[in-house]
Amino acid sequence: MNLFMPSVALDPIHQFKITKWLDFNVGGVDLSFTNASGFMAFGVILTIAFFGFAASKGQLVPSRLQSLAEIGYGFVADMVRGAAGEEGLKFFPFVFTLFFFIFFANMIGMVPYAFTTTSHIIVTAALALLVISIVIGYGFYKNGFKFLKLFAPSGAPFIIYFLLVPIEIISFFARPLTLSLRLFANMLAGHIMLKLFAGFTVALIAAGGAYVVIAPFAFAMGVALNALELLVAGLQAYVFAILTCVYLNDALHPAH
């Protein structure tokens, strides 16, 4: 098959390349403003703008924008309340910010030629480490050394603790790894598949002949994957936020 198109167009990994927008170096430390930085900042601005506009004209009979904002607010509040109880609502601002930052970052990445910040492990790992740091810090702040009961659930026979405690410790410290990898892997794999089918469709059309007959099937699969990826983008923001609530519940109630 002879394909007359740039290799970059067919490279599914090229979309994840970090490029410098503003080259900035201080004392040998590279502090350049990159496309990753730019799209993260855009996600933050978009989130603030959305809720800012929605709240700026509060009405008894809400507008569509206000209704969407209220639904989002209520959705996260119910999530926190359901996973961590009423006491967990003190973390509502954190979970709310986390959920919508990831949600808008994922959705921005669905726009052609945009950059998906959550497809980079360094971003998702930083978020996961922030979550686990808050869990550990608040757990000790609120419960003192009783927080360690999280690793030794009550009611088990004494001999079982020699096996149970190491398993619980490993499970706890694996949380940031699984939390970051889940979001990263889903967004990375989804965008690679989208790029492959989009490139495959163009390649089949460019090849001409009998390959043109197959092109509509590749295009249809790309459209279906795009719809699925939109669902995954929202779902992964929810999964990250709900697991954060579960982990915060451990900090609030380590003995449970």
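**Packing of helix 4 and the aromatic cluster**

In this predicted model, helix 4 contributes Phe94, Val95, Leu98, Phe99, Ile102, Phe103, Asn106 and Met107 to a contact with helix 8, where the partners are Leu230, Ala233, Gly234, Gln236, Ala237, Tyr238, Phe240, Ala241, Thr244, Cys245 and Leu248. Of the residues that make up this contact between helix 4 and helix 8, 15 are nonpolar and four are polar, while no charged residue takes part. The axes of helix 4 and helix 8, the latter spanning residues 211-252, lie 9 Å apart and form an angle of about 160 degrees; because angles over 145 degrees count as roughly antiparallel, the two helices are assigned to that class. The crossing of helix 4 past helix 8 is right-handed.

Aromatic residues were examined across the whole structure, and the search returned 27 aromatic pairs. In one of these, the ring centres of phenylalanine 50 and phenylalanine 51 are separated by 4.9 Å, and the pair is edge-to-face because the ring planes stand at 85 degrees. Phenylalanine 51 is buried, its relative accessible area being 16%. Both phenylalanines belong to one aromatic cluster, which also includes Tyr73, Phe75, Phe92, Phe96, Phe99, Phe100, Phe103, Phe104 and Tyr238.

Glycine 85 is placed in the loop that runs between helix 3 (64-84) and helix 4 (92-109), and with a relative accessibility of 25% this glycine counts as partly exposed. Between glycine 85 and isoleucine 214, the separation is 129 residues in sequence and 53 Å in space, taken from C-alpha to C-alpha.

Conventions
Residues numbered from 1 in each chain as written. Predicted model: local features only at pLDDT ≥ 70, side-chain atom pairs only at ≥ 80, totals over all residues. Heavy atoms only, no water. Helix = DSSP H or I, 4+ residues; strand = E, 2+ residues; numbered from the N terminus. Buried < 20%, exposed > 50% of the residue type's maximum accessible area, 1.4 Å probe, protein only. Axes fitted to C-alpha atoms, helices over the stretch in contact; angles between N-to-C directions. Parallel < 35°, antiparallel > 145°, perpendicular 65-115°, else oblique. Left-handed = near helix turned anticlockwise from the far one by under 90°. Contact = heavy atoms within 4.5 Å. Nonpolar A, V, L, I, M, F, W, Y, C, P; charged D, E, K, R; others polar. Phe/Tyr/Trp six-rings, centres within 6.5 Å; stacked < 30°, edge-to-face > 60°.
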